[in-house]
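Open the model in your viewer and keep the selection panel at hand. The tour goes stop by stop, with something to select at each.

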Amino acid sequence: MKALARLAAGLEAAPNVFWRLIKQATTAQKLALAFALFLAPLIFVSSKLATEQQHSVDIAQQERKGGAYLRAVNSVRSQLDQHLRASQLGLAGSESLIAAMRNLESAEARFGAGLDTRACVERALTAMRTMLNAPFARATAANAAKEALSDLARRIADNAHLMRDPERGSHYIVDLIHERTPVIARESRDLTAEAGRAFAERRLSASDRAILLQRAALLQSALDDMSRIADSIAAADARLDARLGPPALAVMTNVSAYLGHLREGLSSGRIAIKQLVASEAGVHAALAALSDRAAGELDRILSNRAQSLAAERTTTLLAAGALFMAVLLLVVSILRLGLVAPIKSLAHSIRTIADGRYDEEIPALARQDEIGAMARALDVLRDAAQARIASDAARASAESANRAKSQFVANMSHELRTPLNAIIGYAEILTEDCEDRGDSAAIADLQRINMSARHLLALINDILDLSKIEAGRMDVLAAPCDPAAILREALATAEPLAAKNGNKLHTDIAAGADAFIDAQKLKQCLLNLLSNACKFTKNGEVRVSMRSEDIDGAARLVFTVADTGIGMNQEEMSRLFRPFEQANNTVSRQFGGTGLGLMITRRMAQMMGGDVSVESTPGGGSVFTLWAPQYYKGFGAEDQSEVGARVGPEEAPLALVIDDEANARDLVIRALTQLNFAVQGARTAEAGAALARSEKPALIILDINLPDRTGWSVISELSRDSETADIPIIVLSIEEDRRRSIGLGAAEHLVKPATREALCAAALRLARKAGPAPEAAEESAEQKRLSA
C-alpha cells in the first residue's frame with residue numbers, strides 16, 4: 001500500500017514537475033519539444049507502415065514455406081500413386097509406401113510449424129499404416145490416405161495464404177497442382193480401376209458402359225478445368241506460361257490419348273488392361289512433371305515476392321529516417337538563425353533599456369516578421385519608458401503635494417473643531433442664563449451663533465472625512481452587526497429634523513439575518529440620506545425601506561430613502577455626487593449645505609463594496625438607493641463549513657456533490673432534487689471522501705479543482721477502497737481530460753458548463769438503486785445550464 005501511495009503521489013506531482021521544467025526551458029528547447037511532439041504522430045504512422053510491410057514480408061515467407069511444404073506433399077502423393085499402380089500390376093512392395101510416410105513426417109517437422117497440419121498428417125500416416133498392416137482393407141485405406149493428403153494440401157494452401165489472392169500467380173499455381181492435378185489423377189485412377197473390373201468379364205454390360213462413359217466425362221471435365229487455369233496463367237504472366245505451358249500441354253495430350261484408348265475399347269468391346277494402365281501411367285507421369293515444374297516456379301515467385309517486400313520495407317524505413325533527419329536539421333537551423341539569435345539580441349536590448357541606457361541601438365527593426373514587430377514594439381516601449389520617467393516624476397511631485405494638502409486639511413480641521421466645540425458649549429450656557437433672566441433678544445442672537453457654529457462644525461467634519469478618504473487613511477472596519485438596528489438608530493436621529501420640516505417618516509424594514517459590515521459607515525451613510533431627504537422636503541413624507549436580496553449568489557442589503565420633496569432633473573443629478581456641488585445655486589442659497597454629504601456617502605458605500613444611485617423628477621421627489629454587501633469581502637457570503645446540510649427526502653437515494661463553488665453546488669442540488677434525489681454538498685476533497693465512506697451515496701458529482709487537493713486523487717482513493725469502489729462518480733469540471741477521469745475509475749466526465757439534460761441523464765443512468773427510483777421532473781428556466 002505504501003508503494004501504491006508513493007506511486008499515486010508521484011503521478012499526481014508529475015504534471016507540476018513537467019510544467020516547472022517547461023517554464024525553465026529556453027525558447028529553443030520549447031520549440032524543439034514542440035517539433036518533437038509534432039513528429040511523434042508522423043513517426044507513429046511510419047512505424048505502422050513499416051509494421052504492415054513487415055507483416056507482408058512475414059506472409060511472403062510463410063507462403064514460401066507453404067509452397068515447399070506443398071511440394072513435399074505432392075511428392076508423397078506421387079509415391080502413393082506409384083505404390084497403388086504397382087499393386088494393380090501385381091508388383092506391390094512396401095518400400096515406396098514406407099518412403100512416402102518418412103517423407104511426410106519429415107516435411108511436417110520442417111514446415112508444419114504455425115500451419116496447423118498435424119491432424120491431417122496423422123490421418124494420412126494412419127491410413128498408410130493400415131495399407132501396410134491390413135491388405136484386406138487396402139482400397140479403403142488408400143482412399144482415406146488420398147483424402148487426408150488432399151485435406152492437408154488445402155489446409156497448407158489456406159494457412160500459408162497461398163489461395164487468398166486470385167490475381168496473383170501463386171494462386172493459379174497452387175490451384176493447378178493441388179486442386180486440379182489431384183482431381184485428374186484420382187479420376188483417371190478410378191476410371192482405370194472401373195475399366196479393369198468391367199472388361200474382366202466376358203461381356204460388357206450396358207450399365208458398365210454407362211458407368212465408364214460417366215467416369216470419362218468426369219475426367220474430361222477435370223481436364224477442361226485445368227485448361228481454364230492454364231489460360232488464366234497465360235493471361236496473367238507470360239513467363240509463367242512459358243514455363244508451365246509445355247508440361248500442361250503434355251498432361252492434356254496424355255489425358256486425351258488415355259480417353260481415346262478407353263473409347264476405342266468401349267467401341268470394340270475389348271481392351272488391353274495393361275495398355276490402359278500404361279496410358280494412365282503416362283498421364284500420371286505428365287502430371288508429376290507438371291507438378292514439379294509448377295512447384296519450382298511457385299518457390300521462385302514466393303522467393304522473389306519476399307525479397308521485393310523486404311527491400312520495400314527497408315527502403316521505406318530509410319526514406320522516413322532520412323526525411324525526418326533532414327526536416328529536423330532544417331528546423332534546427334531555422335530556429336538558430338531565424339529565431340534564437342534575434343531573440344538573444346532583443347533580450348540584450350531589453351536589459352540595456354532596463355539599465356537606463358536608452359540610446360542603445362535595437363537590432364531587427366527592419367525585419368518584416370514577428371521578430372521585427374517585437375523590435376518595433378520594444379522601440380515604442382523605450383520611448384514610452386522615457387516619457388513615463390518624466391510623467392512619474394511629475395506625478396510623484398503632484399501626489400506629494402496632494403498628500404501634504406490632505407494632511408494639512410486633516411490637521412487644520414482637527415484644530416478648528418476644538419474652538420468650535422467651546423463656542424457651541426458657551427453659546428448653550430449663555431442661552432440658558434438669558435432664559436433665566438428673560439432676555440429674549442439675547443437668546444435669539446445666541447441661537448444664531450449656536451446654529452452657525454454647528455453648521456461650521458458639520459462642514460469641518462465633512463472636510464475631515466473627505467481628506468481622510470483622499471489620503472487613504474479611512475479603512476473599513478467590518479464586524480458582525482444587525483443592519484435593522486442600525487437603520488432604527490439612524491431613524492431616531494433623523495426624527496427631529498423631519499419634525500422640524502413637518503415631514504412624516506414611514507418605515508418598511510424586512511426581517512433579515514445579521515451582517516458583517518462597517519456599522520459606523522453604514523449608519524453615517526443612512527444619516528446623510530435621511531438628512532438630505534428631510535431637508536429638501538417640507539410638510540411631506542419620507543419613506544425608508546430595507547430588504548435583503550441575492551444577486552448572482554451574493555447577498556446584498558438594499559436601503560431605499562424616498563421623499564416627496566423638490567426633486568431634480570437629469571442635468572442636476574449628473575452633478576449630485578461631485579464634491580462641493582449641489583443641484584443648483586438656488587438650492588444652495590435656499591437650503592444651505594456644503595455639497596459634500598452625498599459625495600462622502602457614495603465614497604463610503606463604494607469602500608464597503610456597494611454604491612448609491614438616485615432616481616428623481618422635478619417636483620415629484622427623489623428616491624435614493626443605497627446597497628452594500630451583507631458580508632464584507634465575502635465573509636459569510638456562503639456556508640464556509642466543509643459539509644453542507646442534506647436536502648431532499650430522507651428515504652430518497654443520496655447524491656453527494658463535491659465542489660468548492662457555492663453556485664455550482666446549488667445548481668446541481670436544484671437539478672438533482674427535482675429528480676427525487678436527496679443531495680448533500682461538500683466543499684473540500686477530504687470532507688467529500690469522508691462523507692462518501694460514511695454515507696455510501698448512490699452517486700457522486702465531483703469537481704476536479706478543489707481547494708485542498710485534486711478531484712483525480714479523490715477518484716483514485718474511492719476506487720481503491722472496497723467500500724466505495726462501486727459508487728458511480730460523475731466528473732463535472734472545467735478540466736477536459738476525460739480519458740484520465742475514466743482511466744482512474746470515473747463513470748462519466750462532463751465539462752462545465754454542462755447542460756442540465758446531460759447531467760440528469762447521466763445521474764439517472766448511473767445512480768445505484770438505494771431507494772425510490774428517481775424520476776425526471778419538469779425543468780425550470782434557471783436550470784437550463786450548469787456553470788462554474
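**Stop 1: the parallel sheet**

Start with an open sheet of five strands, ordered β9-β8-β10-β11-β12, with parallel pairing. Select the edges: β9 (678-682) and β12 (748-751) each have a single partner strand, so one side of each has no neighbour in the sheet. From one strand to the next, the twist averages 20°. Keep in mind that this is a predicted model.

Now select β10, residues 699-702. On one side, β10 pairs with β8 in the parallel sense, over four bridges. Here Val657 stands opposite Ile701 of β10. β10 also pairs with β11 (residues 729-733), again in the parallel sense, over three bridges. Two pairs to show as sticks: Ile701 has Ile730 in β11 as its bridge partner, and Leu702 stands opposite Val731 in β11.

Which way do the side chains of β10 point? Leu699 and Ile701 point one way, and Ile700 and Leu702 the other way. All four of these residues are buried.

**Stop 2: helices on the parallel sheet**

Select helix α18, residues 685-695. Helix α18 lies across β8 (654-658), β9 and β10. It runs at about 165° to β8.

Next, select helix α21, residues 756-766. Helix α21 packs on the sheet and touches β10, β11 and β12. Its direction makes about 170° with that of β12.

**Stop 3: Leu672**

Move to helix α17, residues 662-673, and pick out Leu672. Is Leu672 buried or exposed? Its relative accessibility is 0%, so Leu672 counts as buried. Show what surrounds it. Leaving aside neighbours within four places in sequence, Leu672 is in contact with Ala655, Phe677, Val679, Ile701 and Ala763. Ile701 is the β10 residue that stands opposite Val657.

Then set a distance label from Leu672 to Gly648. The C-alpha atoms are 9.2 Å apart, and the two residues are 24 apart in sequence.

**Stop 4: the mixed sheet**

Go to another open sheet of five strands, in the order β2-β4-β5-β7-β6. The pairing here is mixed. Its edge strands are β2 (504-509) and β6 (611-616), and each of them pairs on one side only. Direction ignored, neighbouring strands of this sheet are turned by 15° against each other on average.

Select β6 together with β7, residues 622-629. These two strands pair in the antiparallel sense, over six bridges. Within this pairing, look for Asp611, which stands opposite Trp627 in β7.

Two helices to add here. Helix α12 (residues 483-500) packs on the sheet, touching β2, β4 (541-551) and β5 (554-563). The direction of α12 makes about 175° with that of β2. Helix α16 (residues 597-607) also packs on the sheet, where it touches β6 and β7. The direction of α16 makes about 135° with that of β6.

**Stop 5: Asn532**

Select helix α13, residues 519-535, and zoom to Asn532. How does a polar side chain sit here? Buried means under 20% relative accessible area. Asn532 has 14% relative accessibility and therefore counts as buried. Not counting residues up to four places away in sequence, Asn532 touches Leu598 and Phe624. Show both as sticks along with Asn532.

**Stop 6: a nonpolar patch**

Switch on the surface and select Met325, Leu328, Leu329 and Val332. These residues make a nonpolar surface patch of about 350 Å². Met325 is placed in helix α9, residues 273-354. How does Met325 count in terms of accessibility? At 48% relative accessibility, Met325 counts as partly exposed.

**Last stop: the whole chain**

Zoom out and colour by secondary structure. The chain has 21 helices and 14 strands. Of its 788 residues, 39% are buried. The accessible surface of the chain comes to about 41300 Å², and 55% of that belongs to carbon and sulfur atoms.

If you draw a contact map, what share of the contacts join residues at least 24 apart? Among contacts between residues at least 6 apart in sequence, the share is 73%.

How values were computed
Residues numbered from 1 in each chain as written. Predicted model: local features only at pLDDT ≥ 70, side-chain atom pairs only at ≥ 80, totals over all residues. Heavy atoms only, no water. Pairing = 2+ DSSP bridges. Axes fitted to C-alpha atoms, helices over the stretch in contact; angles between N-to-C directions. Contact = heavy atoms within 4.5 Å. Patch = residues over 30% accessible without salt bridge, like charges linked within 9 Å, V, L, I, M, F, W, Y side chains within 5 Å. Areas by Shrake-Rupley, 256 points an atom, 1.4 Å probe, with all protein chains shown as cover. Salt bridge = Lys/Arg side-chain N within 4 Å of Asp/Glu carboxyl O. Buried < 20%, exposed > 50% of the residue type's maximum accessible area, 1.4 Å probe, protein only.
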